[in-house]
Amino acid sequence: MKERGILTVISGFSGAGKGTLVKKLISEYDNYSLSISMTTRAPRPGEENGVSYFFIDRESFERNIENGLMLEHAEYQGNYYGTPKEYVEQQLASGRDVILEIEYLGAFQVKKMMPEALLLFVTPPSAEELLRRLRGRNTETEEQIRGRMRRAIEEAVIVDRYEYILLNDDLDTCVRETHEIIQNAKYSVSRNAAFIDQIRKELHELKD
Ligand code: 5GP
């Protein structure tokens, strides 16, 4: 049987550069599959359906929740966002390491259902840098940016519930560190419980 892949949740302050980090991680290493989320928010310029997100209406989203098709979902700034369950399950079962780039409410739902999932939180080096990056995107109004800064204050409170913090100052370094953290999880004692049980049995059998 193929060893199950690792499920990693990547969250972070909006404007921390999660999207760029995840894209680079996936293009540099070939063991990762990125889950494409569903959302009810409108596409931003340049975003394509089925690439950035699956863009759907609220009614369809709510139907998907009712039908148990979502691994997790949350409302963020007035829109639904969620992870389709089937793709994640398929990829993990085939041994691929799956990345979810989602916010914290969804992250905690995933952790509750799949305690072996890794929770990583991405941060820029300072609050000033965060604001600079948000403004630099030129995709949002000043009011939306203020909304994201307020949200960042809430997020700073819940960082403690994550397992790893990634400082995204130099992108290449951050990509390499993210990869190392995820791959190291393969050697954790909890992921290898079956192997440890097996070797205990073998030791007992061979002791005399
Ligand atoms: P944006 O609108 O900027 O693309 O995303 C807004 C927030 O929603 C980001 O923090 C992003 O990580 C989060 N998000 C994207 N997809 C999902 C998802 O499937 N589930 C949850 N819970 N959050 C998501």
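## Leucine 203 and its surface patch

In this predicted model, leucine 203 is exposed, with a relative accessible area of 57%, a value that earns the label because exposed is taken to mean over 50%. The residue has its place in helix α8, which covers residues 193–206.

Together with Phe195 and Ile199, Leu203 makes a nonpolar surface patch of about 310 Å². Membership of such a patch requires over 30% relative accessible area, and the 57% computed for leucine 203 therefore satisfies that condition.

## The largest pocket

The largest pocket has a volume of about 1,000 Å³, and its lining consists of 32 residues, of which Gly19, Arg41, Arg44, Tyr53 and Glu101 lie nearest the centre. By residue class, the lining of this pocket divides into 10 nonpolar, 11 polar and 11 charged residues.

Several secondary-structure elements take part in the lining: the helices α1 (18–28) and α6 (142–158), as well as the strands β5 (70–76) and β6 (79–84), each supply at least two residues. Among the contributors, α1 provides the largest share of the lining, namely five residues.

## The chain as a whole

The chain contains eight helices and nine strands, and its C-alpha atoms fill a box of roughly 75 × 40 × 30 Å when the box is taken along the principal axes. Of the 208 residues in the chain, 42% are buried, where buried stands for a relative accessible area under 20%; leucine 203, by contrast, is exposed.

Definitions and conventions:
Residues are numbered from 1 along each chain as its sequence is written. This is a predicted model: local features need pLDDT of at least 70, side-chain atom pairs count only at pLDDT 80 or more; totals for chains, interfaces and linings use all residues. Side-chain values use heavy atoms; hydrogens and water are left out. On a 1 Å grid over the protein atoms alone, a cavity is a set of points where a 1.4 Å probe fits but cannot get out, and a pocket is an open set with protein on both sides within 12 Å along at least five of seven lines; lining residues have an atom within 4 Å of a point. Grid points are joined across faces, edges and corners, and a volume is the space filled by probe spheres set on the points. Helices (H or I, at least four residues) and strands (E, at least two) are DSSP runs, numbered from the N terminus. Ala, Val, Leu, Ile, Met, Phe, Trp, Tyr, Cys and Pro count as nonpolar, Asp, Glu, Lys and Arg as charged, and the others, Gly among them, as polar. Patches are made of residues with over 30% relative accessible area and no salt bridge: like charges are joined within 9 Å, nonpolar side chains (Val, Leu, Ile, Met, Phe, Trp, Tyr) within 5 Å. Accessible areas come from the Shrake-Rupley method with a 1.4 Å probe; for residues, only the protein chains shown count as cover. A salt bridge is a side-chain nitrogen of Lys or Arg within 4 Å of a carboxyl oxygen of Asp or Glu. Buried means under 20% relative accessible area, exposed over 50%, partly exposed in between (1.4 Å probe, protein chains only).
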